[in-house]
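Colleague: I would love a close look at a single part of this model, taken slowly and strand by strand. Could you walk me through it once I have the picture open?

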Amino acid sequence: MSTNSPVFVNRTLNMKKINYIGLDMDHTLVRYKTENFEQLAYASMCQKLVNDLSYPKQIANLKFNFNRAIRGLVIDKVRGNILKLSRHAAIRESYHGTRPINFSEQKKIYKSTYIDLSDPDYDPVDTSFSYSFATLFAQLVDLKDDELRDSLPDYGQIAADLIFVLDAAHRDGTIKNQVAEDLDHYIIKDPELVEGLERYKKHGKKIFVVTNSEYHYTKLLMDYAIQPFLKDSSSWSELFEFVVTLASKPRFFTDRLPFLKITSDEGTMINANGIETGGIYQGGCADIITKNLKLSPEEILYIGDHIYGDIVRLKKDCAWRTALVVEEIEEEIHNSQNALSLVEQIDQLMEEKRPIETKIDSLISDQIINEHKSHEQEIKELIHTVSAIDTKIGPLIKKQRACFNPYWGEVFRTGIEESYFAYQVDRFACIYMGKLSDLLALSPRTYFRSNKKPLSHEIKLFT
Ligand SMILES: [Mg+2]
């Protein structure tokens, strides 16, 4: 039996007003054993680089390190760097390949600390499907700088080649066939999730699926992860109001693309004018769904794990409500709990330090105003006390950070600031959770109320 975690609320959402619930499939409706899957994607890319793009054979011996990337990082394809940004898109941590870049080097590379994310040189690590990509890119940058200097293309071309081989591995069945051979190794079965969906359906919620995966892969995963646990329906296509495959999100939310109806198990298709109950489709767009079903956008909740493809574009161009699945959240909360006593010790030392710094400033001011030097000895002693406190804080910060990802620290923070990923979640997801079944474990009549978040001027900083 899986345990459920809370659902977190950014914007008030009354589930009683939600009549349609749209679900992304990969990592949302169907959960993956992410490390295993990314290992497979990584191996497939290595193999294709060598076989199809004539990369040196030793690339096939590279080892995948699941911890090398976290969600929300940004890849600078041209300079071979991977960046972690603050909520204002300022670079806070960076690596060149797998080597950390220090602050002075970073200042030399980037004229501004702030990154323009609309620049095509940057690629975000938006989903856990990007971990293998980011990891392999960093390793290839290392090789390009060193032993394979002459046999690898420039960083930008390496990134382009990686995108090409990853797409090819998805398209030509390299990845799908391996998943199909050992579904248990890659996919999590969650009977409670199916039970939850059926309970929501009984409450009158109409549930539909919009996935970028193609029909045969969708069917493979649905047959494995949904079908065996159905109690009220005879097949997964009956459970859902309709299923849309190969949806080309985020274009699905912005463009007006036509639907094709899939009419057989083999995937044959005909043109479809609109959406019908029980239908399985390919392509299409959100606009037709909203208009065809005569819905108000606010009565549709869409749940996905891709911060950009599922959530950001949707929120900008389509008024459906949004929920984000962040599979890292459970571990992040667990790690934060482990780090709690360290954070308290750091806060306490900061509290000790603050009045001493204020005292130093006032003594220096007094010397400036009254043109004397009589506080020099006291100032010297106070500065010494501050640096003694800093000597204690430094290792505590290191220990606190070590509670999280060894290379990147927290997913939701960078130092005391929010990470860019945290900003996107806060800005674009009405609610967020570790897994879909966390939502389904709650009543379909839940009223999610957002908390009042204090603004800087509402926090009493100095007591
Ligand atoms: Mg997904």
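How many bridges join strand 4 to strand 5, and in which sense do the two run?

Modeller: Happy to, and please keep in mind that this is a predicted model. Strand 4 covers residues 74-76 and strand 5 covers residues 81-85; the two run antiparallel and are joined by 3 bridges. To find your place on screen, look for Val 74, which stands opposite Leu 83 in strand 5.

Now let us step back to the sheet that holds this pair. The sheet is open and has 5 strands in the order 7-6-5-4-8, with antiparallel pairing. Strand 7 (99-100) and strand 8 (122-124) stand at its edges with a single partner strand each, so one side of each is left without a neighbour in the sheet.

From strand 5 we can move on to strand 6, residues 91-96. Strand 5 and strand 6 pair in the antiparallel sense, here over 5 bridges. A handy marker for this pairing is Leu 85, whose bridge partner in strand 6 is Ile 91. The hairpin of these two strands has 5 residues between them, and within this hairpin Ala 89 takes a positive phi near 65 degrees. If you check backbone torsions, Ala 89 is one residue to look up.

Strand 6 itself is mostly covered, since 5 of its 6 residues are buried; by buried I mean under 20% relative accessible area. As general background, the side chains of a regular strand alternate between the two faces of the sheet.

On the way to the edge, strand 6 meets strand 7, and 2 bridges join this antiparallel pair. Here Tyr 95 stands opposite Pro 100 in strand 7. The hairpin of strand 6 and strand 7 has 2 residues between the strands, and Gly 97 takes a positive phi near 60 degrees in it. That brings us to strand 7, which stands at an edge of the sheet.

For another hairpin to set beside these, go to strand 11 (residues 259-262) and strand 12 (residues 269-272), which pair in the antiparallel sense over 4 bridges. Leu 260 stands opposite Asn 271 in strand 12. This hairpin has 6 residues between the strands, and Gly 267 takes a positive phi near 95 degrees there. With Ala 89, Gly 97 and Gly 267 in view, you have a positive phi to inspect in each of these hairpins.

Key:
Residues numbered from 1 in each chain as written. Predicted model: local features only at pLDDT ≥ 70, side-chain atom pairs only at ≥ 80, totals over all residues. Heavy atoms only, no water. Pairing = 2+ DSSP bridges. Buried < 20%, exposed > 50% of the residue type's maximum accessible area, 1.4 Å probe, protein only.
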